[in-house]
Structure formats: structure tokens, C-alpha cells
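Reader: Got a minute to walk me through this one? Short answers are fine.
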Amino acid sequence: MLTSTPSVIVWPGLGDIVPSRARVLRDAFRGKGYTLSLFCIATCDVVAEMTSTDTGEISASVGATGGTSGFTAVDAEAFAADVAAFIEHEREMGSARR
């Protein structure tokens, strides 16, 4: 039986990033409790999806709430913290609506 992967953020653009930088980003997100992935299989608990924009920003959206926000990924730790805070805020908003 496959084990579920919790708190996955799907970011297809991660494959376009230099591998050493992608590793730094994955580690930063792992430190915040999230797993960055190029794609997701059925056993993933996808909490957000990110897309890279032409202007160098990353757009994140939380499917459960429909919330979207833009981020820059200059500093991996700050980027991971900002996206994690956005996801948590969206989770709180979703819980308040129920």
C-alpha cells in the first residue's frame, strides 16, 4: 500500500530551475512542513499549486479556498515562509467559512 504524502505544493516550473537551487528551495519548504513537487500522484495531499510567471514571480493558489497570491523567490527561506504563511491564512479563512 502506498503511503500518502502530506502537504504537497505542486510546482511544474521547479523543473526549469538549476538543480542546486531547486534543492535549496525543496529544503526550505521541507523546513516549513511542505513538500515541493513537479507533479503529484493519487497519494498526494495537494495543498497548493504554483506557477511561474513571465515577470519572474511565482503565483500560488490554494484550491480549497480559491485564494491566489504572487511571490518572488529571491531568498529561499523567506519565499518558503511567505508561501507557508499564505497557505495557513487560506486554511484559516476556509475554516472560518464553514
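Reader: How many residues sit between β4 and β5 in their hairpin?
Author: Four residues lie between those two strands. This is a predicted model, by the way. Gly66 is in the turn, and its phi is positive, about 85°.

Reader: Which sense do β4 and β5 pair in, and over how many bridges?
Author: Antiparallel, over five bridges. Ser61 stands opposite Thr68 of β5.

Reader: And what is the bridge partner of Ser61 on the β3 side?
Author: That is Glu49. β3 and β4 also run antiparallel to each other, with four bridges. Another pair to look at is Met50, which stands opposite Ala60 in β4.

Reader: Which glycine takes a positive phi in the hairpin of β3 and β4?
Author: Gly56, with phi near 90°. That hairpin has five residues between its strands.

Reader: Which side chains of β4 are buried, and which are not?
Author: They alternate. Ile58, Ala60 and Val62 point to one face and are buried. Ser59 and Ser61 point to the other face and are not buried. In a regular strand, side chains alternate between the two faces of the sheet.

Reader: Zoom out. What is the strand order in the sheet?
Author: β2-β1-β3-β4-β5. The sheet is open, has five strands, and its pairing is mixed. The edge strands are β2 (35–37) and β5 (67–71), each pairing on one side only. From one strand to the next, the twist averages 30°.

Reader: Now the core. Which residues have the most contacts inside the largest nonpolar one?
Author: Ile9, Phe29, Met50, Phe79 and Ile87. That core has 24 residues. The elements giving two or more residues to it are α1 (19–31), β3 (44–52), β4 (58–62) and α2 (76–97).

Reader: Which element gives the most?
Author: α2, with seven residues.

Reader: What does Phe29 touch, leaving out residues up to four places away in sequence?
Author: Ile9, Tyr34, Leu36, Met50, Phe79, Ala80 and Val83.

Reader: Phe29 is in α1, right? Which residues of that helix are buried?
Author: Yes, Phe29 is in α1 and is buried, along with Ala22, Leu25 and Ala28. They cover an arc of only 125° around the axis, so they lie on the same side of α1.

Reader: What does the opposite face carry?
Author: The face turned away from the buried side of α1 carries the exposed residues Pro19, Arg30 and Gly31.

Reader: How far apart are the ends of α1, and what should the span be?
Author: The end C-alpha atoms are 18 Å apart. α1 has 13 residues, so at 1.5 Å a residue it should span 18 Å, which agrees.

Reader: What follows the helix?
Author: Gly33 follows α1. Its phi is positive, near 95°.

Reader: Last topic: Gly15. Where is it found?
Author: Gly15 is in the loop between β1 (5–10) and α1.

Reader: Buried or exposed?
Author: Gly15 has 52% relative accessibility. Exposed means over 50%, so Gly15 counts as exposed.

Reader: How far is Gly15 from Ala60 in sequence and in space?
Author: The two are 45 residues apart in sequence. In space they are 16 Å apart, C-alpha to C-alpha.

Notes: Residues numbered from 1 in each chain as written. Predicted model: local features only at pLDDT ≥ 70, side-chain atom pairs only at ≥ 80, totals over all residues. Heavy atoms only, no water. Core = buried A, V, L, I, M, F, W, Y, C linked by side-chain atoms within 4.5 Å. Buried < 20%, exposed > 50% of the residue type's maximum accessible area, 1.4 Å probe, protein only. Contact = heavy atoms within 4.5 Å. Expected span 1.5 Å × (residues − 1). Arc of directions from axis to C-beta. Pairing = 2+ DSSP bridges. Axes fitted to C-alpha atoms, helices over the stretch in contact; angles between N-to-C directions.
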